[in-house]
Amino acid sequence: MSVVELCREDEIAVVLVDNPPVNALKHEVRVGLLNAFSQARDDPEIAAIVLTCAGRTFIAGADITEFDKPPKSPHLSEVIALIETIQKPVVAAIHGTALGGGFEIALGCHFRVAAPGTRVGLPEIKLGLIPGAGGTQRLPRLIGIEKALPMILSGNPVGAKEALQYGAIDSILDGEFTPAAVEFARKVLREKRPLRRVRDIDEKLAPIREDPAKFEEIAAASSKRTRGLHAPAAAIEAVRWSLEVPFEEAERRVRSAFQELRQGEQSKAQRYVFFAEREAAKVPGVTAGVRPREIARAGVIGAGTMGGGIAMCFANAGIPVTLIETGEEPLGRGLDTIAKNYRNTVKRGGLAADEMERRLGRIAGSTEFERLADADIVVEAVFEEMELKKRVFGDLDRVTKPDAVLATNTSYLDVDAIGQSTKRPQAVLGMHFFSPANVMRLLEVVRGKETAPDVLATAIAVGRRIGKVPVVVGVCHGFVGNRMLRARGIEAERMLLEGALPQDIDGAIVEFGFPMGPFAMGDLAGLDVGWRMRKAQGLKSEIADRLCEAGRFGQKTGKGFYLYEAGSRTPRPDPEVEKLIAEASARHGIARRSIDRREILERLLYPMINEGARILEEGVAARPGDIDIIWIYGYGWPVWRGGPMFYADQVGLAAIRDRLAEIAARAKDARLEPAPLLERLASERRGFASLTEPARARA
Ligand code: 3H9
């Protein structure tokens with residue numbers, strides 16, 4: 001069967017796209033559409049045309065894998081231009097998701113109907129692109145700039161009901177979908193409805209054209225958090241053309257802007273991230289036949305910041321959760337914090353009050369472990385002390401059902417040792433959330449030596465259900481993210497001693513694209529957290545320990561690596577800290593020197609990459625892409641730089657190896673010497689990507 005079929009239902013032609021899994025618009029599909037629509041246009045017996053798709057979704061966009069190759073005719077805009085100019089009604093029958101080029105095709109049709117639960121949107125911005133086939137011109141004409149620009153700039157789809165309200169679709173059809181869509185086409189014919197060509201609509205644009213300041217206002221409101229990214233400004237420009245120049249001219253300009261972005265480094269990185277995220281979902285040993293266990297109820301132990309955030313994740317996803325604490329007082333405090341967090345979200349307009357009540361209603365607090373007897377999954381989030389964790393898991397083993405999944409939220413302890421404190425280590429694994437747990441998308445799923453595949457599959461499935469991006473990692477100190485973070489932290493402190501100041505180091509990393517640097521991050525998280533952890537492990541930190549001894553715990557005490565004015569989160573350099581650092585340098589007999597941004601970046605990023613290479617070699621991460629996803633979703637690595645391992649390939653592994661060798665020699669630190677995998681790949685002139693490319697080519 002071909003990827004596009006043309007069928008007849010009396011006088012109605014049905015064009016069916018069937019290109020699993022998501023009906024992406026690869027070249028053959030574009031050719032098929034052009035042929036089918038030309039044929040239907042020229043057939044005098046056809047009075048109207050319905051465009052529909054087989055499988056789980058309408059067209060989910062251009063085929064992203066084709067963006068690495070030169071564009072091939074017919075281009076999507078040609079297909080859409082043909083559809084729009086047909087003198088017979090064309091109805092897009094949308095189910096699942098109509099995204100990117102898929103939605104652009106629907107916008108080129110004269111009518112759009114959707115199955116309930118459908119979502120439509122233009123997610124190109126998430127790939128570092130702008131909608132390239134008319135979306136920036138047709139969507140504003142159809143629903144107005146106020147609605148269109150936020151959709152284009154966020155890339156987030158809207159549901160069918162909202163789309164109907166906006167006027168993006170004409171009707172939501174119940175019942176068997178394709179017959180209902182065919183019936184809709186018949187109705188259009190019966191009622192002799194005029195063909196609606198979106199490109200010709202102007203009434204929604206006219207008011208904004210008269211009031212250019214309004215356009216700027218909408219653009220500014222919908223382009224927050226876009227620092228460093230090229231695509232948002234290009235998207236705003238493209239939408240502005242819908243007001244300023246004729247449709248054809250705007251289309252011509254958009255095509256060229258799209259091509260420029262497509263060939264740029266940022267989109268290349270963001271496309272890589274798209275596929276790396278999907279690749280991370282494929283876990284060695286967890287085959288399609290492994291079924292996740294049913295999760296109807298959850299338990300969380302520890303009502304501190306982490307535990308509370310994790311409980312919120314479950315409640316937000318509709319899963320009732322029991323939150324356990326040792327006493328009424330800490331339990332009450334934990335529940336109050338959760339309620340306060342929800343109230344703040346309601347106040348900010350992010351949540352309806354009745355939905356807040358429903359979510360709160362799903363969280364029950366208790367001081368009795370026995371209340372976990374009906375939980376299908378329990379996440380432990382108590383202090384990072386091995387003995388305490390072992391005791392908790394021993395208790396869990398006693399009270400929970402035999403098939404319950406038992407997870408620890410430890411950020412560095414040995415998950416295997418924790419598993420051994422139960423009689424069912426196969427049910428134990430790590431679920432490492434990132435603070436704030438109800439916000440951060442990353443979930444490191446730590447697979448123990450004995451973790452059963454279906455337990456792993458359950459943690460991944462539940463992770464997705466609560467809106468996380470799960471990445472499976474192996475057991476080692478700090479797992480993937482914190483282990484690499486530590487490599488960065490050691491070098492950051494070393495540079496302080498050599499001559500840099502916190503603001504120099506943070507400045508360099510923020511300029512690189514991170515939302516904040518290591519020292520501002522430490523101040524935000526609380527320096528006492530790391531201090532306590534170091535003490536437990538017999539470790540020291542030359543400068544951070546002294547800050548803590550002086551009661552400088554970061555933002556919560558108004559002082560840390562920086563000073564914070566009352567009520568402000570803005571870090572200000574503090575001469576007292578500079579003095580403390582200079583004294584530390586003097587104690588070590590180090591003559592301070594100025595360190596430029598390039599050196600700062602190399603010394604922060606290359607040790608991380610080196611640690612990443614070791615992690616790969618040890619099999620703690622299955623693929624370089626998994627490490628990249630961890631850093632993007634858990635630590636603020638700028639998505640347009642693709643993650644540390646992708647970045648390393650762009651810099652070139654030989655250059656990184658040579659620089660690391662120099663840094664290691666100067667610091668006399670064997671840990672900084674190039675890892676064997678890095679050494680080998682560099683000498684073979686390969687990149688980290690080559691470790692997974694053969695697998696993808698085979699697939
Ligand atoms: C665009 O349209 C540009 C235009 O403006 C103009 C051009 C001129 N291409 O996510 P899943 C694969 S830009 C190629 O796990 P789900 C995916 O890799 C595009 N492949 O499923 C995976 O493969 P595998 C704008 C794609 O049910 C499999 O399909 N559109 C594409 O969780 C299943 O995917 C987008 O950005 C694609 N476009 O979610 C939409 N999409 O099984 C991107 C998916 O080998 N797609 N694959 O790992 C999505 O957001 C989700 O895939 C979707 C389904 C919501 C559709």
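Student: Which residues of helix α29 (residues 676-683) are buried?

Tutor: In this predicted model, Leu677, Leu678, Leu681 and Ala682 of α29 are buried, where buried means under 20% relative accessible area, exposed over 50% and partly exposed in between (1.4 Å probe, protein chains only). Helices here are DSSP runs of H or I with at least four residues, strands are runs of E with at least two, and both are numbered from the N terminus. Local features need pLDDT of at least 70, side-chain atom pairs count only at pLDDT 80 or more, and totals for chains, interfaces and linings use all residues. Residues are numbered from 1 along each chain as its sequence is written, and side-chain values use heavy atoms, with hydrogens and water left out.

Student: What puts these buried residues on the same side of α29?

Tutor: They cover an arc of only 125° around the axis, so they lie on the same side of α29; the arc is that of the directions from the helix axis to the C-beta atoms. The face turned away from this buried side carries the exposed residues Pro676 and Ser683.

Student: Which helices do the buried residues of α29 pack against?

Tutor: They pack against α25 (597-618) and α28 (653-667), contact meaning heavy atoms within 4.5 Å.

Student: Why is Cys313 called buried, and what is Cys7 called?

Tutor: Cys313 has a relative accessible area of 4%, which is under the limit for buried, so Cys313 is called buried. Cys7, at 33% relative accessibility, counts as partly exposed.

Student: How do you know that Cys7 forms no disulfide?

Tutor: A disulfide is a pair of cysteine sulfur atoms within 2.5 Å. The closest cysteine sulfur to that of Cys7 is in Cys53, at 12 Å, and is therefore too far for a bond. The structure holds zero disulfides.

Student: What makes β12 (363-366) and β17 (469-474) edge strands?

Tutor: The open sheet of eight strands has the order β12-β11-β10-β13-β14-β15-β16-β17, with mixed pairing. β12 and β17 each have a single partner strand, so one side of each is left without a neighbour in the sheet.

Student: How do you know that β11 (residues 321-324) and β12 are paired?

Tutor: Two strands pair if DSSP finds at least two bridges between them. Four bridges join β11 to β12, which run parallel, so the definition is met. In one of these strands, β12, Gly365 is the bridge partner of Leu323.
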